[in-house]
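Q: Please take a close look at one helix of this chain and at what packs against that helix. I am new to this structure, so start with any term I need.

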Amino acid sequence: MAGITTVAAVSTTRPHTKSAVLIICVATLLSISVWFSASFIIKGISAQWQVPEAQLFWVTFGVQAGFILGAIASALLRLPDRLSARVLYSSCAAGAAAANLLLLVFPGFEAALALRLATGIFLAGIYPVAVRETLAWVSPGRRGFASSTLLAALTIGSAAPHLINGVGSADWRVVIIATSICSIVGGLLFLLVPGTAPYRDTGTRVSLRQGLAVLRNRKVLLVNLTYFSHMWELYAMWTFVGALFAHRISGGAAPTGLVAVASFVIIASGALGCIAAGLLADRFGKIMISQMFMLLSGAAATLVAISATWQPAVLLFLCVLWGMTVVGESALLSALLRDHCPEAHVGSALSVQMAGGYAISAGSIALFPLLAGALSWELAVLALVLGPVVGIALLQLLKSRPRPQRDNGTESSMNGESASCP
């Protein structure tokens, strides 16, 4: 992901800015729905393919791995520099939709793994491009809220398959078709982004070697380790919270529609957390608000782990609290990376942060069902609490070191990419 350099003498009032950011957010919400299109309909797929449900976490693992490969390949091939954002985004949205639809044509476990890997690769050309384009439309002083709004769109889009499954149809094929249509519509919508962004990307090229080299900066390393801790919890929670809720309220025998709608509410509530975190961070600071969200997320997860005998309504409330707080700090941690990273290396550092975070999330997704099966759901959830606990401690170390001073001119010309994939 390349840097974004503020263009001199750009008017602060742009008539198309709000509409452009709105279009990008809605397009992202639609296109990103294919991310969990197969993960949230595990029971239907398991019965159709005659594959043990315990093995189907690999379906989500494949998307995470594909995203990592796609992000690295995009950086090495410099696709964002060679192709226009509209062409790259719309092409990848169509590719993700095609890979998703092919699950209906090749309904086998091995084929599904390959197709989910392909879906992840295409997704690496969707959300990162949306981030880059959003920030190209927004002045540096407004990027925090804009990136949090985009992250909120990603959160709702990620939860969308649950809503389709719960309200639209319990047939897993309908979920696949609907999310594929959403991805295509999102890609077409992105083509409607008006005009030319006033803060167009003219910064330094992305270099993975450069991104790794900057980890020698202790502050950058602390921020990245905090982000990795955050990712340890986030995607595993999104992947398994529906199954956890069903297991807790009825031993897995609850109506599919009820569980799906509840799961959508739990995950989509994170959109409110994203926006709240962006607003609060502007007033109280990114480190303090990130620690607050991690504390609340860890506390909510701990209460969920010990709530085996509690009423379903109480469990739902705790899960919603967990969903609201588990994702809120994501944009703030990427903004912290920007604060402590040399200006010329911000784009490269964000690419390394993103790749490392998704690698960590793939590990926790693989480990969670193993712990749940071998030990218990409670211990599996508590294992995720390690993420916010470690993250809070790392941010405390960062807080104890003075923040580097930047003058207004330097701050205005910084990369400004204050969000990456959650």
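A: A residue counts as buried when its relative accessible area is under 20%, and as exposed when that area is over 50%. The model shown here is predicted.

Some background on the whole chain comes before the close look. The secondary structure of the protein chain comes to 19 helices and 0 strands. The chain has 422 residues, and 56% of them count as buried. Its exposed surface is about 16100 Å², with 69% of that area supplied by carbon and sulfur atoms. Among contacts in the chain with a separation of 6 or more, 88% join residues that lie 24 or more positions apart.

The part to look at is helix α5, residues 85-105, beginning with its packing against helix α9, residues 172-190. The axes of α5 and α9 are 8 Å apart, and the angle between the two helices is about 170°. Angles over 145 degrees count as roughly antiparallel, and α5 and α9 are therefore roughly antiparallel to each other. On the α5 side, the contact is made by A85, R86, Y89, S90, A93, A96, A97, N100, L101, L103 and L104. On the α9 side, it is made by W172, R173, I176, I177, T179, S180, S183, I184, G186, G187 and F190. Sorted by class, the residues of the contact of α5 with α9 are 13 nonpolar, 7 polar and 2 charged.

One residue of this contact can be followed further. S183 is found in helix α9. S183 has 0% relative accessibility, so it counts as buried. Leaving aside residues up to four places away in sequence, S183 touches A93, A96 and A97, and also L30, S31 and V34. Of these, A93, A96 and A97 are among the α5 residues that make the contact with α9.

Helix α5 also packs against helix α7, residues 127-137. The axes of α5 and α7 come within 9 Å and cross at roughly 150°. The two helices are therefore roughly antiparallel to each other. The crossing of α5 and α7 is left-handed. Here A85, L88 and Y89 of α5 meet V129, A130 and E133 of α7. The contact of α5 with α7 has 5 nonpolar residues, no polar residues and 1 charged residue.

Taken together, A85 and Y89 take part in the contact of α5 with α9 and also in the contact of α5 with α7.

Key
Residues are numbered from 1 along each chain as its sequence is written. This is a predicted model: local features need pLDDT of at least 70, side-chain atom pairs count only at pLDDT 80 or more; totals for chains, interfaces and linings use all residues. Side-chain values use heavy atoms; hydrogens and water are left out. Axes are lines fitted to C-alpha atoms, for helices over the stretch in contact, and angles run from 0 to 180 degrees between N-to-C directions. Helices (H or I, at least four residues) and strands (E, at least two) are DSSP runs, numbered from the N terminus. Angles under 35 degrees count as roughly parallel, over 145 as roughly antiparallel, 65 to 115 as roughly perpendicular and the rest as oblique. Contact means heavy atoms within 4.5 Å. Ala, Val, Leu, Ile, Met, Phe, Trp, Tyr, Cys and Pro count as nonpolar, Asp, Glu, Lys and Arg as charged, and the others, Gly among them, as polar. Buried means under 20% relative accessible area, exposed over 50%, partly exposed in between (1.4 Å probe, protein chains only). Accessible areas come from the Shrake-Rupley method with a 1.4 Å probe; for residues, only the protein chains shown count as cover. A crossing is left-handed if the near helix is turned anticlockwise from the far one by less than a right angle, and right-handed if clockwise.
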